[in-house]
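Let's take a walk through this structure, starting with the overall fold and working inward to the empty spaces. Keep the viewer open as you read.

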Amino acid sequence: MSEGTGGTRQRIQAVALELFTEQGYEKTSLREIAERLNVTKAALYYHFKSKDEIVTSFVDDRLRRMDELIAWAAEQPATLETRRALIGRYADAMFAGELPKVMRFFEQNQTVLKSLAAGQQMRERMMRLAGELCRGDESPAAQLRAALTLFAVHTSWFAVRAPGISDDERKKIALEVADELLAKIGG
């Protein structure tokens, strides 16, 4: 491995994410990740001691983005415009870079994630984000609509099965459905 530590770490994350999504988290070993990278297990252990550490490493970026969104939303008025801006920013963040691959990983490994600290942190952030989406209307219906708004963005990765659909088209559909739900919160 002649590239820098950051590049090696990113390669490990990318290959692990690919294998976790293809085979499942439980069926993928650190040995397989090392073999796919053509490195020794010792070289892999230098960067990550376990599969959990690898998952945590690519979840951390997502958690950071969610924390930024929650902080931004908390400073805004509880209006439909704020809700629309928040879900738009959330969709932009979740459709950026490698995050669509992370979304697919989450979708295909939900049972495992429930037991990992990273999965529990994701759930807590999702609930806080949903809370910001319905702030000002704490009715049970608003709470459900807020959660479903977030799931509209998430499920677009596996529920929309149109062949050849682009990420932009997928995001547009998700935001249209989300907007229908948001329009009924607080009003």
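What follows goes from the whole chain to its helices, its cavity and pocket, and a few single residues.

First, a word on what you're looking at: this is a predicted model. The chain has ten helices and zero strands, so if you write out the pattern along the sequence, you get α-α-α-α-α-α-α-α-α-α. Lay a box along the principal axes and the C-alpha atoms fill roughly 60 × 35 × 30 Å. Of the 187 residues in the chain, 43% are buried.

Start towards the beginning of the chain. UniProt, in an unreviewed entry, lists residues 29-48 as "DNA-binding region". In the model that stretch is 75% helix and 0% strand, and its end C-alpha atoms sit 13 Å apart. Inside that range, look for the loop between helix H2 (30-37) and helix H3 (41-47), where you'll find Asn-38. What is unusual about the phi of Asn-38? The angle is positive, about 65°, although the residue is not a glycine. For context, most residues other than glycine have a negative phi. Asn-38 is also exposed: its relative accessible area is 70%, and the cut-off for that label is over 50%.

Now move along to H5, which covers residues 80-94. This helix has 15 residues and runs 21 Å from its first C-alpha to its last, close to the 21 Å expected at 1.5 Å a residue. Its buried residues are Thr-82, Arg-83, Leu-86, Ile-87, Gly-88, Tyr-90, Ala-91, Ala-93 and Met-94. Keep Thr-82, Arg-83 and Leu-86 in mind, since these residues also turn up in the lining of the largest cavity.

That brings us to the enclosed space. Rolling a probe the size of a water molecule over the atoms shows where empty space is left. Here, the structure holds one cavity of 30 Å³ or more, and the volume of the largest cavity is about 50 Å³. Which residues line the largest cavity? They are Ala-73, Pro-77, Ala-78, Thr-79, Thr-82, Arg-83, Leu-86, Glu-132, Leu-133 and Arg-135. The elements that contribute two or more residues are H5 and helix H8 (117-133), with H5 giving the most, at three residues. By class, this lining divides into five nonpolar, two polar and three charged residues.

H8 deserves a look of its own. It has 17 residues and reaches 24 Å from first C-alpha to last, close to the 24 Å expected at 1.5 Å a residue. Buried along H8 are Ala-118, Gly-119, Met-122, Arg-125, Met-126, Leu-129, Ala-130, Glu-132 and Leu-133. Seen down the axis of H8, these buried residues fall within an arc of 150°, so they line one face of the helix. Turn to the face directed away from that buried side and you'll meet the exposed residues Ala-117 and Arg-123.

Next comes the open space. The largest pocket has a volume of about 630 Å³. Of the 21 residues that line this pocket, the closest to its centre are Gln-110, Arg-123, Met-126, Phe-151 and His-154. Which helices supply at least two residues each to the lining of the largest pocket? They are helix H6 (99-108), helix H7 (110-115), H8 and helix H9 (140-159). The lining of the largest pocket has twelve nonpolar, five polar and four charged residues.

A few single residues round out the tour. Ala-146 lies in helix H9, and this alanine counts as buried because its relative accessibility is 0%. From its C-alpha to that of Ala-73, 73 residues away along the chain, the separation is 13 Å. Past H9, in the loop that leads to helix H10 (167-182), sits Val-160. With 22% relative accessibility, Val-160 counts as partly exposed. Val-160 and Gln-108 are 52 residues apart in sequence, and their C-alpha atoms are 15 Å apart in space.

Finally, find Asp-179 in helix H10. Asp-179 is partly exposed too, at 26% relative accessibility. Its C-alpha and that of Tyr-46 are 46 Å apart, with their positions 133 residues apart along the chain.

How values were computed. Residues are numbered from 1 along each chain as its sequence is written. This is a predicted model: local features need pLDDT of at least 70, side-chain atom pairs count only at pLDDT 80 or more; totals for chains, interfaces and linings use all residues. Side-chain values use heavy atoms; hydrogens and water are left out. Helices (H or I, at least four residues) and strands (E, at least two) are DSSP runs, numbered from the N terminus. The expected span of a helix is 1.5 Å times one less than its number of residues. Buried means under 20% relative accessible area, exposed over 50%, partly exposed in between (1.4 Å probe, protein chains only). On a 1 Å grid over the protein atoms alone, a cavity is a set of points where a 1.4 Å probe fits but cannot get out, and a pocket is an open set with protein on both sides within 12 Å along at least five of seven lines; lining residues have an atom within 4 Å of a point. Grid points are joined across faces, edges and corners, and a volume is the space filled by probe spheres set on the points. Ala, Val, Leu, Ile, Met, Phe, Trp, Tyr, Cys and Pro count as nonpolar, Asp, Glu, Lys and Arg as charged, and the others, Gly among them, as polar. UniProt positions are given in the numbering used here, feature names are shortened, and annotations may be inferred rather than shown by experiment. The arc is that of the directions from the helix axis to the C-beta atoms.
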